[in-house]
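The exercises below are meant to be worked through with the sequence and the structure side by side. Try each task before reading the solution that follows it.

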Amino acid sequence: MWNEEGPLKLLQNMPHVLSAENLAQIQQVIDNDKFLNSKRLRGDLCGRYAPFCKSCDKTVPKPCAVAYVRMKIKEGMEVQMEDIPAETPEEIAEEKTVKKPSQKIRIAIARKK
């Protein structure tokens, strides 16, 4: 459904540290394709347009571009975003949660014969 080639070609020709302007360019390409597909399918595709939609964080500027770049980072692309972490707030919280390993306590009971 979505055209991955457009934002990928754009991203490949950008610096390794993406500025707000770079993210705006990626957002525009994604928005244009999402609009055309939404019109063709007669419904708003926000949230279900592409694989990166599942990790969308609407609290950041240019959420589609940020979600797309985060997906590419997870796939191994070496790129960063100025002022925006590579992980979502939920992923950061998960990393900070320290889980203690469960301990099994064995009790030896002495039996008298």
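**Exercise 1. A tyrosine and its surroundings**

Which residues does Tyr49 touch, not counting residues up to four places away in sequence?

Before the solution, some ground rules apply: this is a predicted model, in which local features need pLDDT of at least 70 and side-chain atom pairs count only at pLDDT 80 or more, while totals for chains, interfaces and linings use all residues. Residues are numbered from 1 along each chain as its sequence is written, and side-chain values use heavy atoms, with hydrogens and water left out.

Step 1. Apply the contact criterion, which asks for heavy atoms within 4.5 Å. With residues up to four places away in sequence set aside, Tyr49 touches Met1, Trp2, Asn3, Ile30, Asp33, Lys34 and Asn37.

Step 2. Follow one of these partners, Lys34, which is found in helix H2; helices (H or I, at least four residues) and strands (E, at least two) are DSSP runs, numbered from the N terminus. Lys34 is buried, with a relative accessible area of 12%, where buried means under 20% relative accessible area, exposed over 50% and partly exposed in between (1.4 Å probe, protein chains only).

Step 3. Look back from Lys34: leaving aside neighbours within four places in sequence, Lys34 is in contact with Leu45, Cys46, Tyr49 and Cys64.

**Exercise 2. The order of the elements**

Describe how the elements of the protein chain run from the N terminus on.

Step 1. Count the elements: the protein chain has four helices and two strands. Step 2. Put them in order, and they run α-β-α-α-β-α. Step 3. Add the overall burial, in which buried residues make up 32% of the 113 residues.

**Exercise 3. The largest nonpolar core**

How many residues does the largest nonpolar core have, and which of them have the most contacts inside it?

Step 1. Fix the term: a nonpolar core is a set of buried Ala, Val, Leu, Ile, Met, Phe, Trp, Tyr and Cys residues joined through side-chain atoms within 4.5 Å. The largest one has 24 residues, and those with the most contacts inside it are Leu18, Leu23, Ile26, Tyr49, Phe52, Tyr68 and Val69.

Step 2. Ask which elements contribute: helix H1 (5-12), helix H2 (20-41) and helix H3 (63-74) give two or more residues to this core, and H3 gives the most, with seven residues.

Step 3. Compare with the general tendency, which is that in soluble globular proteins nonpolar side chains tend to be buried together.

**Exercise 4. Helix H3 and its cover**

Is H3 largely enclosed or open, and why?

Step 1. Count the buried positions: nine of the 12 residues of H3 are buried, so this helix is largely enclosed by the rest of the structure. Step 2. Name them, and the buried residues of H3 are Cys64, Ala65, Val66, Ala67, Tyr68, Val69, Arg70, Met71 and Lys72. Step 3. Find the cover, which includes H1, strand E1 (17-18), H2 and strand E2 (80-81).

Step 4. Approach from the side of H1, where Leu11 lies; Leu11 counts as buried at 4% relative accessibility. Not counting residues up to four places away in sequence, Leu11 touches Leu18, Ile26, Tyr68, Val69, Lys72, Met77 and Val79. The C-alpha atoms of Leu11 and Ile26 are separated by 7.3 Å, although these residues are 15 residues apart along the chain.

**Exercise 5. Cysteines without a bond**

How many disulfides does the structure hold?

Step 1. With a disulfide taken as a pair of cysteine sulfur atoms within 2.5 Å, the structure holds zero. Step 2. Check Cys46, whose sulfur is 6.1 Å from the closest cysteine sulfur, in Cys64, and therefore too far for a bond. Step 3. Check Cys56, whose closest cysteine sulfur is also in Cys64, at 5.7 Å, again too far for a bond.

**Exercise 6. Positive phi in the loops**

Where does Arg42 lie, and is this residue buried or exposed?

Step 1. Arg42 lies in the loop between H2 and H3, and at 80% relative accessibility it counts as exposed. Step 2. Phi of Arg42 is near 55°, a positive value in a residue other than glycine. Step 3. For background, most residues other than glycine have a negative phi.
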